[in-house]
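Thanks for coming. I will go through one structure this morning, chain by chain, and then spend the rest of the time on the salt bridges.

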Amino acid sequence: MTSLSSFLAKWTTTVVVLAALAASAGVITSGDIAHTLNTAALVLLGALPVLRVIALAVSWARAGDRRYAAAAVMLVSLMAAGVVMVAVWR
Amino acid sequence: MTDLARDVLIIALAFVTSTVGSLGGLGGAILLVPLLTFGDMTIAEAAPLGLVSVIAGSVAAGRTQLRDGAVNHRFAVVTELGATAGVIVGVILAGSISDRVLTYFLATLALLAAGGGAIRKGVRWKPDPSLGADSIGEHHGSLSGVYRLNDQAVPYQPTRMGLGVSLMAIAGVVTGLAGVGGGFLKTPLSSEVMRLPAKVAAATSTFTIGLTASTALLLMAIDGRVVVSDSALVVIGSIVGGTLGSRLQRYLSPPVVRRATALVLTVIAVVLVVRA
């Protein structure tokens, strides 16, 4: 396993465990605490794929793989532009 | 149905659909959303839960797939550029084609993809005995890589990228129009058009559908359509399902993964037609 895959696997495991704990605690509890825990689980999981692309861009840029680093930056920019366009268009 | 029974049912459905979804890189939303609507939920309520299921299943499966070196991130980023551009166009054009026509079109695509995977025999990429475990992974500056098949290292090199990315953009338009994740189109395109090994295609698609679903979920959250209490139930089921699906994928041969994917695609086509 490459150091990047190892790094990503470690962080993914940490986020999955934290999200699972937050969601489980959110299901057991009620009221504002439950809402906060459930939201935290969603934010953790939802942010991870995008953060993974950003981490890839940084790692590839550092390794001198500029073409794919640029592609990763373009992808994140395209996604952000898409969110803004669709939100405004709606 | 009591609240407890309803909660257990949502967790169980998320578990089963995420297991199947991460096994073949299809995502589970296209199965989970119709199943949820058989109860008292509307499609508008079920759709965000489908996205949550895809994200949680994708992230959970990612742990095993990253350790196995099965994800080709460079391939994912390049093809996702086309797919994301297509999704934006599709979302903007949504509503311009009737739901019925779109659903039959999606069902036809799913059946074609199922046929493509089921007809092909054998394994396209052969193990290279000269390669060791340290060679597993993707290559610097290239879309090629080496993946692990049982205890052997198998080199691969995707082809027809221009055609593949163009088709990914069209798949993106279709998924944007229909509001589905698109894994059931991306995985067959990656394996049958761009000739990625079935396991690498499934693992890479699992990553990209999580990315697309994150963006779509953010848009739904802006619209106030995400019910966090139900989402937490889906997170629990999908994390367990995604983990199990990715572990099963590790032990199955490529032809078995292809046939299982073809079977699920056929089920998806039937579900789509029934829904229409």
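**Two chains and their salt bridges**

I will start with a single residue: Asp230(B) has a relative accessibility of 12%, which is under the 20% cut-off, so Asp230(B) counts as buried. Before going further, note that this is a predicted model.

What does Asp230(B) pair with? Asp230(B) forms a salt bridge with Arg6(B), and the closest N and O atoms are 3.0 Å apart. The pair links distant parts of the chain, with Arg6(B) in helix H1 (residues 3-24) and Asp230(B) in helix H9 (residues 228-251) of chain B, 224 residues apart. Arg6(B) has a relative accessibility of 24%, so Arg6(B) counts as partly exposed.

Now the chain around that pair. Chain B contains 10 helices and 3 strands. Reading from the N terminus, the order of elements is α-α-α-α-α-β-β-β-α-α-α-α-α. Chain B has a radius of gyration of 18 Å, which agrees with the value near 19 Å for a compact globule of 276 residues. Along the principal axes, the C-alpha trace of chain B spans about 60 × 40 × 35 Å. Of the 276 residues in chain B, 58% are buried. If we take contacts in chain B between residues at least 6 apart in sequence, 79% of them join residues at least 24 apart. The accessible surface of chain B is about 10,600 Å², and 68% of that belongs to carbon and sulfur atoms. As for charge, chain B has 20 positive and 14 negative charges, and their mean positions are 11 Å apart.

Next, chain A. Chain A has 3 helices and 0 strands, so to speak a plain α-α-α pattern along the sequence. What radius of gyration does chain A have, against the value near 12 Å for a compact globule of 90 residues? The figure for chain A is 17 Å. The C-alpha atoms of chain A fill a box of roughly 50 × 40 × 15 Å along the principal axes. Buried residues account for 38% of the 90 residues of chain A. Among the contacts in chain A between residues at least 6 apart in sequence, 38% join residues at least 24 apart. Chain A exposes about 4,800 Å², with 72% of it supplied by carbon and sulfur atoms.

Back to the salt bridges. How many are there over all chains? The count is 6. One of them joins Arg74(B) to Asp65(A), with the closest N and O atoms 2.7 Å apart. This pair crosses between chains: Arg74(B) sits in helix H4 (residues 73-93) of chain B, and Asp65(A) in the loop between helix H2 (31-62) and helix H3 (66-89) of chain A. Are these two residues buried or exposed? Both Arg74(B) and Asp65(A) are buried. They also belong to a network of salt bridges that links Asp65(A), Arg74(B) and Glu138(B).

The last pair is within chain B. Glu192(B) forms a salt bridge with Arg124(B), the closest N and O atoms being 3.8 Å apart. Glu192(B) lies in helix H7 (residues 183-193) and Arg124(B) in the loop between helix H5 (99-119) and strand E1 (137-138), 68 residues apart. Glu192(B) counts as buried because its relative accessibility is 19%. Arg124(B), with a relative accessible area of 28%, is partly exposed.

Note on methods:
Residues numbered from 1 in each chain as written. Chains lettered and ligands numbered in written order. Predicted model: local features only at pLDDT ≥ 70, side-chain atom pairs only at ≥ 80, totals over all residues. Heavy atoms only, no water. Helix = DSSP H or I, 4+ residues; strand = E, 2+ residues; numbered from the N terminus. Rg over C-alpha atoms; globule rule 2.2 N^0.38 Å. Buried < 20%, exposed > 50% of the residue type's maximum accessible area, 1.4 Å probe, protein only. Contact = heavy atoms within 4.5 Å. Areas by Shrake-Rupley, 256 points an atom, 1.4 Å probe, with all protein chains shown as cover. Lys, Arg positive; Asp, Glu negative; His and termini not counted. Charge placed at Lys NZ, Arg CZ, Asp CG, Glu CD. Salt bridge = Lys/Arg side-chain N within 4 Å of Asp/Glu carboxyl O.
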